[in-house]
Amino acid sequence: MAQREYGEIPGYPEGTLFANRQELRLAGLHSPNQGGISGGKDGADSIVVSGGYPDDEDHGDVIIYTGQGGRDPSTGRQINDQKLVQGNIGLVRSQLDQRPVRVIRGAGGNPDYSPERGYRYDGLFRVVNYWHAVGLDGYRIWRFRLEKLNKTVEQALKKAVPAHTRRVDYISSRIVRDRSAVDRVKELHDFTCQVCGLRLTTAGGPYAEAAHIRALGRPHEGPDHETNMLCLCPNHHVLFDNGAIFVDEEGDVWDALSGTRMNPLRTVREHHIDPEYLRYHREHTATP
């Protein structure tokens with residue numbers, strides 16, 4: 001397998017137009033002649049947004065992208081559940097490794113943001129989160145939220161080392177609007193992870209992370225409130241956000257990948273967690 005090229009491709013700035021998929025492939029922007037995701041278990045370097053899936057949402061700087069698989073090639077309708085394999089697992093890997101994804105829009109997509117004909121390279125995006133849901137055709141689909149990188153980050157990406165050894169680093173951020181709620185949740189749990197009981201102490205004091213149970217922003221629209229937060233160590237924050245662990249209605253933590261019960265979630269009386277948000281997380285984020 002050829003080594004993937006992440007980030008910008010020299011000679012093809014944002015806004016470059018292409019007549020067809022063959023031109024995209026020859027330019028090195030998107031390798032597959034048909035597939036919408038250029039990716040595998042090592043990561044995903046590019047996607048094409050062209051209206052191929054009815055569940056796609058293109059909002060310009062934010063894209064809710066439907067994964068691949070399970071479609072009838074003759075009708076384009078979903079006839080089977082999608083699985084977290086091939087390009088889908090590639091987008092997950094790119095989120096975990098914080099690698100940028102090139103977005104190419106085709107003429108069949110949202111007319112507000114798509115070219116009138118052919119394809120257009122529209123810059124670098126990052127995978128913010130992913131989840132599964134029942135699509136319009138009644139089958140499970142994987143969905144990915146991608147957000148466009150700002151110009152400062154894109155300039156940093158262009159300073160990458162030569163292509164054959166290119167490794168791209170860039171700034172990521174989590175949406176946090178209410179710092180008071182975040183701080184209160186950490187303090188209520190004395191900066192102790194609710195899953196494993198670990199309390200990290202640094203030279204600057206204790207450290208923990210507040211994880212939103214139902215994710216903020218479109219399409220989850222979870223509230224920025226302490227009833228929608230857990231106090232976690234960095235390791236279990238990553239596992240929770242990526243659906244590898246979940247909490248059931250009895251308050252037990254489960255390993256979603258093996259289907260085994262781990263331990264009860266550590267709680268304190270002053271911190272009420274809304275079970276509806278835990279249910280939402282299990283149904284939309286936990287790996288089936």
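**Notebook: salt bridges and helix 4**

I started with R199 and D190, whose side chains meet in a salt bridge at 3.3 Å, N to O. I am working from a predicted model. I looked up the exposure of both partners. R199 is partly exposed, with a relative accessible area of 36%. D190 is partly exposed too, with a relative accessible area of 41%.

D190 turned up again when I checked the backbone. Just after helix 4, D190 takes a positive phi of about 50°.

That led me to helix 4 itself, residues 179–188. Which of its residues are buried? I noted A181, V182, V185 and K186. I then looked down the helix axis. The buried residues fall within an arc of 130°, so they line one face of helix 4. The spacing fits a general rule. An α-helix has 3.6 residues a turn, so residues three or four places apart point the same way.

What sits on the face turned away from the buried side? There I found the exposed residues S180 and E187. Next I asked what covers the buried residues of helix 4. The cover includes strand 11 (209–212) and strand 12 (229–232).

Back to charge pairs. Side chains of opposite charge can pair when their charged atoms come close. I searched the whole structure and got 18 salt bridges.

One of them joins R77 to D137, with the closest N and O atoms 2.4 Å apart. I placed both residues. R77 lies in the loop between strand 5 (62–66) and helix 2 (86–97), and D137 in the loop between strand 7 (119–134) and strand 8 (140–148), so the pair ties together parts that are 60 residues apart in sequence. R77 is partly exposed, at a relative accessible area of 47%.

I also pulled up R120 and D122. Their closest N and O atoms are 2.6 Å apart, and they form a salt bridge. Is this pair buried or exposed? Both R120 and D122 are buried.

I then noted a network: salt bridges link R4, D42, D45 and R102.

Last, I logged the whole chain. I count 6 helices and 15 strands in the protein chain. The chain has 288 residues, and 48% of them count as buried. I checked contacts with a separation of 6 or more; residues 24 or more positions apart account for 59% of these. The accessible surface of the chain comes to about 14300 Å². Carbon and sulfur atoms hold 49% of that surface.

Conventions. Residues numbered from 1 in each chain as written. Predicted model: local features only at pLDDT ≥ 70, side-chain atom pairs only at ≥ 80, totals over all residues. Heavy atoms only, no water. Salt bridge = Lys/Arg side-chain N within 4 Å of Asp/Glu carboxyl O. Helix = DSSP H or I, 4+ residues; strand = E, 2+ residues; numbered from the N terminus. Buried < 20%, exposed > 50% of the residue type's maximum accessible area, 1.4 Å probe, protein only. Arc of directions from axis to C-beta. Contact = heavy atoms within 4.5 Å. Areas by Shrake-Rupley, 256 points an atom, 1.4 Å probe, with all protein chains shown as cover.
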